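Me: I would like a close look at the empty space in this protein. Please describe what lines it, in words suited to a first-year student.

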Amino acid sequence: MSNVSPSGPPMAANPLTRAVLEIDEYASGLGWDRPARLFALVDTARLRAQEPGLVSQLGLEDGEAAAFTPIEQEELPAGKPLDEFLGRIAWPDAVAGCALTVERLMLPPSAESSVPEGLDEAGLAGWVARHPDRQEVRMTVAVLRDGAREAAIRLRAKDSPNEVLTGADLVPGLAEALAATFAA
């Protein structure tokens, strides 16, 4: 990304991309080896109108605010599979979207052909953890009620705001799971 603000994440024209990069920067400031974090995305203008006290607490009263304000939710329950947890979420109407940041190990596409057959989920996770080409990544994925999606991926080996990859289709499975939280 070439447009970098002096303090903060790289600038992005798309409001959802800006929200994803803001969350990525926040997660980056907390360091690595952290649990997944869930955020509600609320319309900042609506928040200003309906909750002026909260706007003041969040420091949104001055300057040009982003279109979406990420509000971190309670910590995800330890030991509960992420898909099971997401399957139980329902958002109130005031929430325009949601985002999740999670750390994972990933392999390059070239490693797909060498995956041993017949591995269960735990076996596959162990095999990936031992693979010499594995990369630790932090993925931040956001979806809006209207179906818009965005993701940011940060490699631990290239832990810099200028090295964050963004795109709508980077983590489709997680985006689908987040979108399903608005389907009810």
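Reply: The following account treats the largest pocket, then the largest cavity, and ends with a patch on the surface. The model is predicted. Rolling a probe the size of a water molecule over the atoms shows where empty space is left.

The largest pocket holds about 1,000 Å³ of space. Its lining is made of 32 residues, and those nearest the centre of the pocket are Val 102, Glu 103, Arg 104, Leu 105 and Met 139. Several elements supply at least two residues each to this lining: helices H4 (82–86), H5 and H6 (172–180), together with strands S3 (95–106), S4 (135–144) and S5 (149–155). Strand S3 gives the most, with five residues. Sorted by class, the lining of the pocket has 23 nonpolar, seven charged and two polar residues.

The structure also holds one cavity of 30 Å³ or more. The largest cavity has a volume of about 60 Å³. Among the residues that line this cavity are Ala 27, Leu 30, Arg 34, Thr 101, Val 102, Glu 103 and Arg 138. Helix H1 (15–30) and strand S3 each supply at least two residues of the cavity lining, and the largest share, three residues, comes from S3. By class, the lining of the cavity has five nonpolar, four charged and two polar residues.

On the surface, Val 115, Leu 119 and Leu 124 make a nonpolar patch of about 190 Å². Leu 124 lies in helix H5 (residues 121–130). A patch residue must have over 30% relative accessible area, and Leu 124 is partly exposed, at 34%.

Conventions: Residues are numbered from 1 along each chain as its sequence is written. This is a predicted model: local features need pLDDT of at least 70, side-chain atom pairs count only at pLDDT 80 or more; totals for chains, interfaces and linings use all residues. Side-chain values use heavy atoms; hydrogens and water are left out. Patches are made of residues with over 30% relative accessible area and no salt bridge: like charges are joined within 9 Å, nonpolar side chains (Val, Leu, Ile, Met, Phe, Trp, Tyr) within 5 Å. Accessible areas come from the Shrake-Rupley method with a 1.4 Å probe; for residues, only the protein chains shown count as cover. A salt bridge is a side-chain nitrogen of Lys or Arg within 4 Å of a carboxyl oxygen of Asp or Glu. Helices (H or I, at least four residues) and strands (E, at least two) are DSSP runs, numbered from the N terminus. Buried means under 20% relative accessible area, exposed over 50%, partly exposed in between (1.4 Å probe, protein chains only). On a 1 Å grid over the protein atoms alone, a cavity is a set of points where a 1.4 Å probe fits but cannot get out, and a pocket is an open set with protein on both sides within 12 Å along at least five of seven lines; lining residues have an atom within 4 Å of a point. Grid points are joined across faces, edges and corners, and a volume is the space filled by probe spheres set on the points. Ala, Val, Leu, Ile, Met, Phe, Trp, Tyr, Cys and Pro count as nonpolar, Asp, Glu, Lys and Arg as charged, and the others, Gly among them, as polar.
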